[in-house]
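Colleague: I would like to learn how to read this model. Please take me through the fold and then the ligand site.

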Amino acid sequence: MTENQPTIATTIADFITAITKALAAAQLQADEQARALAAQEGTEVIYRDVTLGFVPTMGALHNGHATLMRRAAEQNDVVVSSIFVNPLQFGPGEDYERYPRTLEADAALAGEAGVQVIFAPSVEEMYPDGDPLIRITSGELGTKFEGKTRPGHFDGVLTVVNKLFNIVRAGAGDHEVNAYFGQKDAQQFVLIQRMVHDFNHSVNLRPVAIVRDDDGLALSSRNEFLSPAEREAALVLSRTLALLRENSLNRGFEGIDLQSARERINATEGVRLDYLELVDPHTFGEPTEESERVLALAAIFVGSTRLIDNMDLR
Ligand code: AMP
């Protein structure tokens with residue numbers, strides 16, 4: 001056990017209690033510091049409310065997750081994270097069963113990154129009545145891109161994030177909650193933004209840029225499934241996106257040749273393109289010459305492993 005080992009809560013009740021306790025302790029400490037500072041400087045005490053950072057994950061943590069956690073730790077007094085492989089967001093024949101589950105290593109990594117409490121519930125704890133009757137639907141956007149290949153995926157994501165936000169909010173009381181999500185899942189981020197808006201969640205969303213390996217491959221828990229040859233082949237995804245970006249920066253919208261980018265990916269042995277499209281990341285609609293930002297969005301299969309990536313072209 002290292003000094004930074006986080007508390008692991010496996011029930012919703014324990015998680016709520018752990019959040020409340022951690023925030024109360026942090027508030028006490030912040031108040032003491034405020035008083036000490038005022039005494040030292042002979043000024044009035046200025047109290048501030050401590051805040052909570054929340055990082056939801058499915059575990060098998062890597063440096064991408066750790067980056068979200070470190071960001072949360074920089075910006076908040078208490079950081080909590082959930083590790084839950086959510087069955088609702090996996091379709092039949094997807095990798096739910098083989099998804100890596102590495103709680104011990106995850107706890108060590110999360111602790112190092114500044115996480116104080118981990119919520120690692122069982123499926124029964126989250127869905128005690130089996131498949132939940134009431135779910136969030138992700139609408140038309142939920143059927144495009146990722147949602148086209150993975151029907152129901154985003155409904156599953158939104159249903160669990162909705163639940164997690166309610167649980168975390170219950171522990172946080174009046175304290176501000178900031179939730180951290182990676183831009184790697186760009187479509188997920190937009191849908192969660194819409195849900196927060198439509199359902200009046202009192203949670204601030206904090207996007208974090210994609211974290212890549214030195215060779216450009218976007219970090220993913222699913223990279224663990226890749227053989228060395230597959231990993232090499234997978235590089236065509238980030239390299240093709242980077243090429244699109246370079247062409248776009250040099251020659252504008254005209255420079256973006258999606259068709260040859262698609263062909264380049266499909267010409268790579270062992271790689272099959274699922275989709276490569278351009279979107280305006282604010283709306284996820286078609287970008288225009290006037291769009292402030294244009295995002296190239298792609299998914300590939302490398303053997304039986306599905307990988308996603310995206311890149312800003314402007
Ligand atoms: P997951 O465990 O795959 O559900 O991811 C949990 C969170 O980490 C999500 O908000 C992801 O977008 C984020 N994330 C995963 N991989 C990366 C990465 N390479 N860079 C930035 N964020 C990431």
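Colleague: How many helices and strands does the secondary structure of the protein chain come to?

Modeller: Remember that this is a predicted model. The protein chain has nine helices and nine strands.

Colleague: How compact is the protein chain for 314 residues?

Modeller: Set the radius of gyration against the globule rule. Here the radius of gyration is 21 Å, and the rule gives 20 Å for 314 residues. The two values are close, so the protein chain is as compact as a globular protein of that length. For its extent, take the C-alpha trace: along the principal axes it spans about 65 × 50 × 40 Å.

Colleague: Now the sheets. In what order do the six strands lie?

Modeller: Read a sheet by strand order, then by direction. The order is E1-E4-E3-E2-E5-E6, in an open sheet with parallel pairing. E1 (7-9) and E6 (204-208) are the edge strands, and each pairs on one side only. On average, neighbouring strands of this sheet are turned by 25° against each other, direction ignored.

Colleague: Which bridges can I look up between E3 and E4?

Modeller: Three bridges join E3 (residues 78-83) to E4 (residues 117-119), and the two strands run parallel. One pair to find is Val 80 with its bridge partner in E4, Val 117.

Colleague: And the three strands that form an open sheet: is their pairing parallel or antiparallel?

Modeller: Antiparallel, in the order E7-E8-E9. The edges are E7 (271-279) and E9 (305-312), each paired on one side only. From one strand to the next, the twist averages 15°. E8 (residues 295-302) pairs with E9 over eight bridges, in the antiparallel sense. Look for Ile 300, whose bridge partner in E9 is Leu 307.

Colleague: On to the ligand. Which of the 15 residues around the ligand come nearest?

Modeller: Start a site from its shell, here with a cut-off within 4 Å between heavy atoms. Met 58, Gly 182, Asp 185, Val 211 and Leu 219 come nearest, out of 15 residues around the ligand. By class, the shell divides into eight nonpolar, five polar and two charged residues.

Colleague: Which elements each supply at least two residues of that shell?

Modeller: Strand E2 (52-57), helix H2 (63-75) and strand E5 (177-182) do. H2 gives the most, with three residues.

Colleague: Which backbone atoms lie by the nitrogen and oxygen atoms of the ligand?

Modeller: Check N and O pairs within 3.5 Å. A backbone N or O atom of Met 58 is 2.9 Å from a ligand oxygen atom. A polar backbone atom of Val 211 lies 2.8 Å from a nitrogen atom of the ligand. Leu 219 also places a backbone N or O atom 2.8 Å from a ligand nitrogen atom.

Colleague: How much of the ligand does the protein bury?

Modeller: Compare the ligand alone with the ligand in place. Alone, the ligand exposes 490 Å², and the protein buries 92% of that.

Key:
Residues are numbered from 1 along each chain as its sequence is written. This is a predicted model: local features need pLDDT of at least 70, side-chain atom pairs count only at pLDDT 80 or more; totals for chains, interfaces and linings use all residues. Side-chain values use heavy atoms; hydrogens and water are left out. A polar contact is a pair of N or O atoms within 3.5 Å; within protein, one must be able to donate a hydrogen and the other to accept it, and residues adjacent in sequence count only if both atoms are side-chain atoms. Accessible areas come from the Shrake-Rupley method with a 1.4 Å probe; for residues, only the protein chains shown count as cover. Helices (H or I, at least four residues) and strands (E, at least two) are DSSP runs, numbered from the N terminus. Ala, Val, Leu, Ile, Met, Phe, Trp, Tyr, Cys and Pro count as nonpolar, Asp, Glu, Lys and Arg as charged, and the others, Gly among them, as polar. Two strands pair if DSSP finds at least two bridges between them. Axes are lines fitted to C-alpha atoms, for helices over the stretch in contact, and angles run from 0 to 180 degrees between N-to-C directions. The radius of gyration is taken over C-alpha atoms; the globule rule is 2.2 Å times the number of residues to the power 0.38.
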